[in-house]
Amino acid sequence: MLNIVLYGEPILIQKAQKVKEFDQNLERLTLDMYEAMKHDNGIGLAAPQVGISARLFVVGLENEPPRIFINPRIVAMSEESSEYEEGCLSFPGLYFTVARPSAVDIEAVDIRGRPFRLSADGLLARVIQHEYDHLDGILFIDRVSPAKRRRALAHYSRMLNM
Ligand code: NI
C-alpha cells in the first residue's frame, strides 16, 4: 500500500512534473493510488500526496467509475462559485469550507495518453479543482483567507499533538 504523505512534506508544496511515460509503471501507480485513496475513505488523491512528482490524480466518487486525470489543464471555470466543506488526505481530520467555481472544464489524457475533455459540476468539479491544485503545490488551506488559514493550521497542529 502506498503511504500518503502529510502536510509538512516539501513535495506537497512543489509543482509536479509532467507525465511522459505511459507504461505499466504508470498503470500500477494509478491503481495503487486508487487503492490508497479508497483505504483512507478519500474521493480524490494526487500523485504528490504519495510522494511522487507527477501531474496526475485519481477521483473515486461513490457509485461512479474510477477517473484518472493525467497532465490535466483546467480550461474553463464558471463565474458562479459555491462553498463546500473540504477535507484532504494529507491533513487527516481537518475539514473546512472552501469557495471554488461551481463548474469547470478540464482537458487531460488517459492512461494510454489519449486526450479527453470533461465538463464537471457539483462534487466532481470540487474534487477536480482540489486535486488539480495539488499538482501546482497549492493546498486547500491556501484557498481561504489568511486568518482562516492560521486558525485551520493551529487547529490541525493541536489535533496532531492529541
Ligand atoms: Ni488534498
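Here is a short walk through the metal site, the aromatic pairs and a surface patch of this structure. Keep in mind that the model is predicted.

Let's start at the nickel ion. Three side chains coordinate the metal: Cys88 through SG, and His130 and His134 each through NE2, at 2.1 to 2.2 Å. Along the sequence, these donors follow the spacing C-x41-H-x3-H. Cys88 sits in the loop between strand 4 (81-86) and strand 5, while His134 belongs to helix 2, so this pair ties together parts that are 46 residues apart in sequence. How covered are these two donors? Cys88 has 8% relative accessibility and so counts as buried. His134 comes out at 1%, so that histidine is buried as well.

Now for the aromatics. Searching the whole structure turns up seven aromatic pairs. One of them is Phe69 with Phe116: the ring centres are 5.8 Å apart and the planes meet at 50°, so this pair is tilted. Phe69 comes from strand 3 (residues 67-77) and Phe116 from strand 7 (residues 115-121), so the contact ties together parts that are 47 residues apart in sequence. The two partners don't share the same degree of cover: Phe69 is buried at 1% relative accessibility, whereas Phe116 is partly exposed at 28%.

Phe96 and Phe140 make another pair, this time with centres 4.7 Å apart and planes at 25°; the planes are under 30 degrees apart, so the pair is stacked. Phe96 lies in strand 5 (residues 96-101), and Phe140 in the loop between helix 2 and helix 3 (146-161), so the stack ties together parts that are 44 residues apart in sequence. Both rings are tucked away from the surface by the numbers: Phe96 is buried at 7% relative accessible area, and Phe140 is buried at 1%. Phe96 and Phe140 also belong to a bigger picture, because ring pairs link them with Tyr7, Phe91 and Tyr156 into a cluster.

Finally, move out to the surface. Ile43, Tyr84 and Leu123 form a nonpolar patch there, with about 240 Å² of accessible area together. Leu123 brings us back to helix 2 (residues 122-135), the helix that also holds the nickel donor His134. So is Leu123 buried, exposed or partly exposed? With 32% relative accessibility, Leu123 counts as partly exposed, since that class covers values between the 20% and 50% limits. Helix 2 thus carries both a buried metal ligand, His134, and a partly exposed member of the nonpolar patch, Leu123.

Definitions and conventions. Residues are numbered from 1 along each chain as its sequence is written. This is a predicted model: local features need pLDDT of at least 70, side-chain atom pairs count only at pLDDT 80 or more; totals for chains, interfaces and linings use all residues. Side-chain values use heavy atoms; hydrogens and water are left out. Patches are made of residues with over 30% relative accessible area and no salt bridge: like charges are joined within 9 Å, nonpolar side chains (Val, Leu, Ile, Met, Phe, Trp, Tyr) within 5 Å. Accessible areas come from the Shrake-Rupley method with a 1.4 Å probe; for residues, only the protein chains shown count as cover. A salt bridge is a side-chain nitrogen of Lys or Arg within 4 Å of a carboxyl oxygen of Asp or Glu. Helices (H or I, at least four residues) and strands (E, at least two) are DSSP runs, numbered from the N terminus. Buried means under 20% relative accessible area, exposed over 50%, partly exposed in between (1.4 Å probe, protein chains only). Rings of Phe, Tyr and Trp (its six-membered ring) pair if their centres lie within 6.5 Å; planes under 30 degrees apart count as stacked, over 60 as edge-to-face and the rest as tilted. Donors are N, O and S atoms within 2.8 Å of the metal (3.2 Å for Na, K and Ca); water is not among the atoms, so sites may look incomplete.
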